Amino acid sequence: MGRTTATMQFLRKGTEAAFHSAKDRIDRTLNENVVRLAVTGLSRAGKTVFITSLIQNLLALGDGHNSLPALSEELWNGTGSRLLSVGIIPPRDTVTPWFDYPSKVARLAAELPGWPAPTDDLSEISLLLHIERKDAFRRTTLGERRVRLDIVGV
Ligand SMILES: Nc1nc2c(ncn2[C@@H]2O[C@H](COP(=O)(O)OP(=O)(O)OP(=O)(O)O)[C@@H](O)[C@H]2O)c(=O)[nH]1
Ligand SMILES: [Mg+2]
């Protein structure tokens, strides 16, 4: 490969990467809201159980169960729920360790259930909620709205 061709390819890849990054940024600005929820409390107050239960109930809501009635009411559009889906964002490479929801819920829901072990370190987990917009014009021009819920707790 000639030097000029390699340089052209390098520049094209750089431009494409910059374009995708700008597109992602615009998409996030228009369509994504980030809510950061910090769960604090005294030792043994029930923080870990609360976070696990909150995630379990949000996932159930996303699957069409009326697990959080007040939220369902807020998201009701007269004929159905505006909540299209709820999912857990896979662990990212962050400084704060991941809140290991699957292992916590497995323990609580085991045949011989047990409470979670005490925790002494911060951890974090993020959920992504897809919500249909209320406004018909925005719904057609912008598409669905996303809410990223970051939960930080001990
Ligand atoms: N009955 C009942 N007990 C609960 C509930 N949630 C928590 N507990 C009790 O409270 C204890 C502490 O709950 P955790 O969720 O681990 O509390 P935490 O605040 O995360 O505790 P640390 O990590 O040690 O600070 C559990 O081991 C249970 O004994 C609940 O919903 N119902
Ligand atoms: Mg804890």
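Me: A residue is called buried if 20 or more other C-beta atoms lie within 10 Å of its own, and exposed if 12 or fewer do. In this predicted model, how many of the 29 residues of α1 are buried?

Reply: Zero of the 29 residues of α1 are buried, so this helix lies largely in the open.

Me: What makes Arg25 exposed?

Reply: Arg25 belongs to helix α1. Its count is 10 other C-beta atoms within 10 Å. The limit for an exposed residue is 12 or fewer, so Arg25 is exposed. From Arg25 to Ile131 the C-alpha distance is 19 Å, with their positions 106 residues apart in sequence.

Me: How do you know that the span of α1 agrees with its number of residues?

Reply: Helix α1 covers residues 3-31, and at 1.5 Å a residue its expected span is 42 Å. The C-alpha atoms at its ends are 42 Å apart, so the two values agree.

Me: What is the result of that test for helix α2?

Reply: Helix α2 takes in residues 47-62, which is 16 residues with an expected span of 22 Å. Its end C-alpha atoms lie 23 Å apart, which agrees. After α2 comes Gly64, with a positive phi near 95°.

Me: Which residues of α2 are buried, and what do they pack against?

Reply: Thr48, Ile51, Thr52, Ile55, Leu58 and Leu61 are the buried residues of α2. They pack against several elements, among them α3 (69-74), β2 (83-88) and β3 (123-131). An α-helix has 3.6 residues a turn, so residues three or four places apart point the same way.

Me: Which residues make up the largest nonpolar core?

Reply: This core has eleven residues: Ile51, Ile55, Leu58, Leu61, Leu83, Val86, Phe99, Ile125, Leu127, Leu129 and Ile151. Two or more of its residues come from each of α2, β2 and β3, and α2 gives the most, with four. Nonpolar side chains tend to be buried together in soluble globular proteins.

Me: Which residues is Phe99 in contact with, leaving aside its neighbours within four places in sequence?

Reply: Phe99 is in contact with Ile51, Ser123, Glu124, Ile125, Ile151 and Gly153. Ile51, Ile125 and Ile151 are also members of the eleven-residue core.

Me: What is the phi of Arg44, and is Arg44 buried or exposed?

Reply: The phi of Arg44 is positive, about 65°, although Arg44 is not a glycine. Most residues other than glycine have a negative phi. Arg44 sits in the loop between β1 and α2. It has 9 C-beta neighbours inside 10 Å and therefore counts as exposed.

Me: How does the radius of gyration of the protein stand against that of a compact globule?

Reply: The rule for a compact globule of 154 residues gives a radius near 15 Å, whereas the protein has 21 Å. Its C-alpha atoms fill a box of roughly 65 × 45 × 30 Å along the principal axes. Of the 154 residues, 10% count as buried.

Me: What is the pattern of secondary structure along the sequence?

Reply: The pattern runs α-β-α-α-β-α-β-α-β, with five helices and four strands. Among contacts between residues at least 6 apart in sequence, 67% join residues at least 24 apart.

Me: Which residues are closest to ligand 1, and how many surround it?

Reply: Ligand 1 is surrounded by 13 residues, the closest being Lys47, Thr48, Val49, Trp115 and Pro118. The shell divides into six nonpolar, five polar and two charged residues.

How values were computed
Residues are numbered from 1 along each chain as its sequence is written. Chains are lettered from A and ligands numbered from 1 in the order in which they are written. This is a predicted model: local features need pLDDT of at least 70, side-chain atom pairs count only at pLDDT 80 or more; totals for chains, interfaces and linings use all residues. The radius of gyration is taken over C-alpha atoms; the globule rule is 2.2 Å times the number of residues to the power 0.38. Two residues are in contact if their C-beta atoms, placed from the backbone, lie within 7 Å. A residue is near a molecule or strand if its C-beta atom, placed from the backbone, lies within 6 Å of it. Ala, Val, Leu, Ile, Met, Phe, Trp, Tyr, Cys and Pro count as nonpolar, Asp, Glu, Lys and Arg as charged, and the others, Gly among them, as polar. The expected span of a helix is 1.5 Å times one less than its number of residues. A nonpolar core is a set of buried Ala, Val, Leu, Ile, Met, Phe, Trp, Tyr and Cys residues joined through C-beta atoms within 7 Å.
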